[in-house]
Amino acid sequence: MSDPTVFQVAYRSTANKPWSPPELNALLGVARENNKALGLTGMLLYADQSFFQVLEGPEAKVRAMVEIIGRDPRHHSLSVVLARFVHVRDLTEWSMGYVEMSLKDLSRIDGLNNFFVDSVDYTRFGKGQAMMLLNAFRNGFWRASAV
Ligand SMILES: Cc1cc2nc3c(=O)[nH]c(=O)nc-3n(C[C@H](O)[C@H](O)[C@H](O)COP(=O)(O)O)c2cc1C
């Protein structure tokens, strides 16, 4: 197996206000263009003013992007829950995939079955949940959920 040179970061944050679909789309447009140029892949989840994002690629590029995103005034309380080197990217298909996950979708993921009860709030996600989610996507979950 090759050296684990892919750096992967997952964080959660809180939006400063509810985001509309056009606002999310505009953000995704910018993110996709920049990430493609930087060799970054990843995914973004949004629910009820909470964000959860995974970014992967060369370490320096990932760290620099997390810095930029952390300074974005449209959200706050960014907290990195996972930072690790992996051999293979989990999200090769996406410069920035946007995934809308309902409670029902999330309940189908091993290890997350009963994590959320009434509503989805990614500020509750920690390392364990990030790893379960990535595991599900690695095993093809995205095929049913990607937008
Ligand atoms: C939750 C969230 C996730 C973001 N993700 C990315 C991203 O993956 N890539 C990116 O280039 N910008 C992302 N941004 C936007 C950056 O904070 C910043 O506005 C953007 O990189 C500036 O790009 P520009 O210099 O091309 O205008 C994100 C912002 C937020 C609030």
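**Exercise 1. Work out how H4 and H2 sit on the sheet, and how the sheet's strands are ordered.**

Start with H4: this helix lies across S1, S3 and S4 and runs at about 60° to S4. Angles here run from 0 to 180 degrees between N-to-C directions, with axes fitted as lines to C-alpha atoms, for helices over the stretch in contact. Helices (H or I, at least four residues) and strands (E, at least two) are DSSP runs, numbered from the N terminus.

A quick note on the input: this is a predicted model, where local features need pLDDT of at least 70, side-chain atom pairs count only at pLDDT 80 or more, and totals for chains, interfaces and linings use all residues. Residues are numbered from 1 along each chain as its sequence is written.

Next, the strand order. Five strands make an open sheet, S4-S1-S3-S2-S5, with mixed pairing; two strands pair if DSSP finds at least two bridges between them. Strand S4 (75–86) and strand S5 (97–99) are the edges, each pairing on one side only. From one strand to the next, the twist averages 15°.

Now add H2: it packs on the sheet, touching S1, S3 and S4, and its direction makes about 155° with that of S3. Touching means C-beta atoms, placed from the backbone, within 7 Å.

**Exercise 2. Describe how S1 is joined to S4.**

S1 and S4 run antiparallel, with nine bridges joining them. For one position, take Val 9: Ala 83 in S4 stands opposite.

**Exercise 3. Find the residues with the most contacts inside the largest nonpolar core, and the element that supplies the largest share.**

A nonpolar core is a set of buried Ala, Val, Leu, Ile, Met, Phe, Trp, Tyr and Cys residues joined through C-beta atoms within 7 Å. Buried means 20 or more other C-beta atoms within 10 Å of the residue's own, exposed 12 or fewer, and partly exposed in between, with C-beta atoms placed from the backbone.

The largest core has 27 residues, and Met 43, Leu 45, Val 54, Leu 55 and Tyr 122 have the most contacts inside it. H4 gives the largest share, five residues. Zooming in on Tyr 122, its contacts include Arg 12, Leu 45 and Phe 52, leaving out residues up to four places away in sequence.

**Exercise 4. Locate Gln 49 and Ser 77, and say whether each is exposed or partly exposed.**

Gln 49 is in the loop between S2 and S3, with a positive phi near 65°. It counts as partly exposed because it has 16 C-beta neighbours inside 10 Å. Ser 77 is in strand S4, and its phi is near 55°, also positive. Ser 77 is exposed, since 11 other C-beta atoms lie within 10 Å.

Note on methods
Two residues are in contact if their C-beta atoms, placed from the backbone, lie within 7 Å.
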